[in-house]
Amino acid sequence: MKTINKINGIPLHYARLTNHPYGTRGMQRNFSVDESFLIILQKAFKEIFDNCPLGKPEVITTAGIFVDKPGQHGHGTAFDLDAIFWGNDTLITLNFVHQKELYLGIESFLRKHFGIVLNYFYPNHQDHWHVDTSVAVDYNTSSKSETLYLQLVLKHIYEENILVDGFWGPQTSGGVSRVFAKLGINTPITTKVNYLKFLDLTGKIAFKLSDKSATPLQLIDNLTEVIEDVPVQNRIAIRAALNSFLDHNDTSTWLQQFTHDNQDLESVINSVIS
Ligand SMILES: [Zn+2]
C-alpha cells in the first residue's frame, strides 16, 4: 500500500464533507492505494487526458480508493471518481445528462484499463464512476454494466435509436453491427481486440463531439430528459410549461431554424478513422 495525494501530478481531492460538499473542488487529501493498481490508474489517466480536448485537469475529486470495507476498496484496488476540474470546465458525474459526450469519452478510455466500470445508470452510481480490475477487460453480453455503456454510446454518440436497459438483445446487436461496419471494426464485439478498438475509437469520437457546442434542440432534449426524472406530481406541470414554451408562435419559429442533422457525426467519424 502506498499513500498518495496526486496522480500524474493531478491533485486528488475529497469533496464529500459539509464544508466541501459533492460537486465542489473539495480539499486535497491523502489516499492509500495498492501499488500495482496505482500503475494502472496512472496509465488510464495519461491516456484519457492525452486524448481529452480539455487536456490535463487541475483537480480530480474521488470518494475514495482504500476504504475499510469488504470488496476491492478494502484492498486499495478500486477508485471512485466523482468529478474532474479543468481551468474553465468541469465534469461532475452526476451531470451526465448535460455532458454526455465528455462523460462517455472518458468512460470509453476507462474501460480500456478497468474490467469493472460502474456508471451513472448502474444502481447507486449516479454520482461517481467505480472502477476496479477484479475482472479482465473484455465484453460479455451478459454483463449489465458493460451493456449499459454499450447502449449509451450507441444512442448518444452514434445516434442509434435504442433502449438503454442493460440487456443485450436484437436491438443492441443490430446497433453494434451497423456501427462496427461504419467504424471498420470486425465483429464480434466479444473478441477482445475488436472491443478495444471500439473503445478507443468511441473515446476519440465522443471527445471530438464534446468539443462542439450543443445546439438549442439538444439543450431542449436535455431539459426533457431531466423533467422525466422529476416526481410525477411536479412533472406534469413542468412538462406543460415546457410544451407551452415550445408551442408558442415566436419560440417555435425560432426553433425551426435549428435541425438535428447527423452530418457532424459522419465527419467526426471520418476524421477519426482515416
Ligand atoms: Zn467504489
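In what hand, left or right, does α2 pass α5? In this predicted model, α2 passes α5 in a left-handed crossing, and the paragraphs below set that helix pair beside two others before turning to the domains.

**Helix pairs**

| Pair | Axes come within | Crossing angle |
|---|---|---|
| α1 (residues 35–51) and α2 | 9 Å | roughly 150° |
| α2 (residues 100–113) and α5 (residues 192–210) | 8 Å | roughly 155° |
| α3 (residues 144–156) and α4 (residues 170–183) | 10 Å | roughly 55° |

With axes that cross at roughly 155°, α2 is roughly antiparallel to α5, because angles over 145 degrees are classed in that way. On the α2 side the contact includes Leu-102, Gly-105, Ile-106 and Phe-109, and among the residues that they and their neighbours in α2 meet in α5 are Leu-196, Leu-199, Gly-203 and Phe-207. Charged residues also take part, including Glu-101, Arg-111 and Lys-112 in α2 and Asp-200 and Lys-204 in α5. By class, the contact of α2 with α5 has 10 nonpolar, 5 polar and 5 charged residues.

Helix α2 is also in contact with α1, where the axes cross at roughly 150°, and α1 is therefore roughly antiparallel to α2. The crossing of α1 and α2 is right-handed, whereas that of α2 and α5 is left-handed. From α1, the residues Ile-40, Lys-43, Ala-44, Glu-47, Ile-48 and Asn-51 meet Ile-106, Phe-109, Leu-110, Lys-112 and His-113 of α2, and these residues divide into 6 nonpolar, 2 polar and 3 charged. Ile-106, Phe-109 and Lys-112 of α2 take part in the contact with α1 and also in the contact with α5.

The axes of α3 and α4 cross at roughly 55°, and the two helices are therefore oblique to each other. Their crossing is left-handed. Here Leu-150, Gln-151 and Leu-154 in α3 meet Thr-172, Gly-175, Val-176 and Val-179 in α4, a set made up of 4 nonpolar, 3 polar and no charged residues.

**Domains**

The chain is divided into domain 1, which covers 2–212 + 268–273, and domain 2, which covers 216–257. Their C-alpha centres lie 30 Å apart, and the contact takes 4 residues from domain 1 and 4 residues from domain 2. Between them the domains bury about 380 Å², with 42% of that area on carbon and sulfur atoms. On the domain 1 side, Val-97, His-98 and Lys-100 lose the most area to domain 2, and together they account for 74% of what that side buries.

Key:
Residues numbered from 1 in each chain as written. Predicted model: local features only at pLDDT ≥ 70, side-chain atom pairs only at ≥ 80, totals over all residues. Heavy atoms only, no water. Axes fitted to C-alpha atoms, helices over the stretch in contact; angles between N-to-C directions. Helix = DSSP H or I, 4+ residues; strand = E, 2+ residues; numbered from the N terminus. Parallel < 35°, antiparallel > 145°, perpendicular 65-115°, else oblique. Left-handed = near helix turned anticlockwise from the far one by under 90°. Contact = heavy atoms within 4.5 Å. Nonpolar A, V, L, I, M, F, W, Y, C, P; charged D, E, K, R; others polar. Domains from an automatic or database assignment. Buried area = accessible area lost by both parts, 1.4 Å probe.
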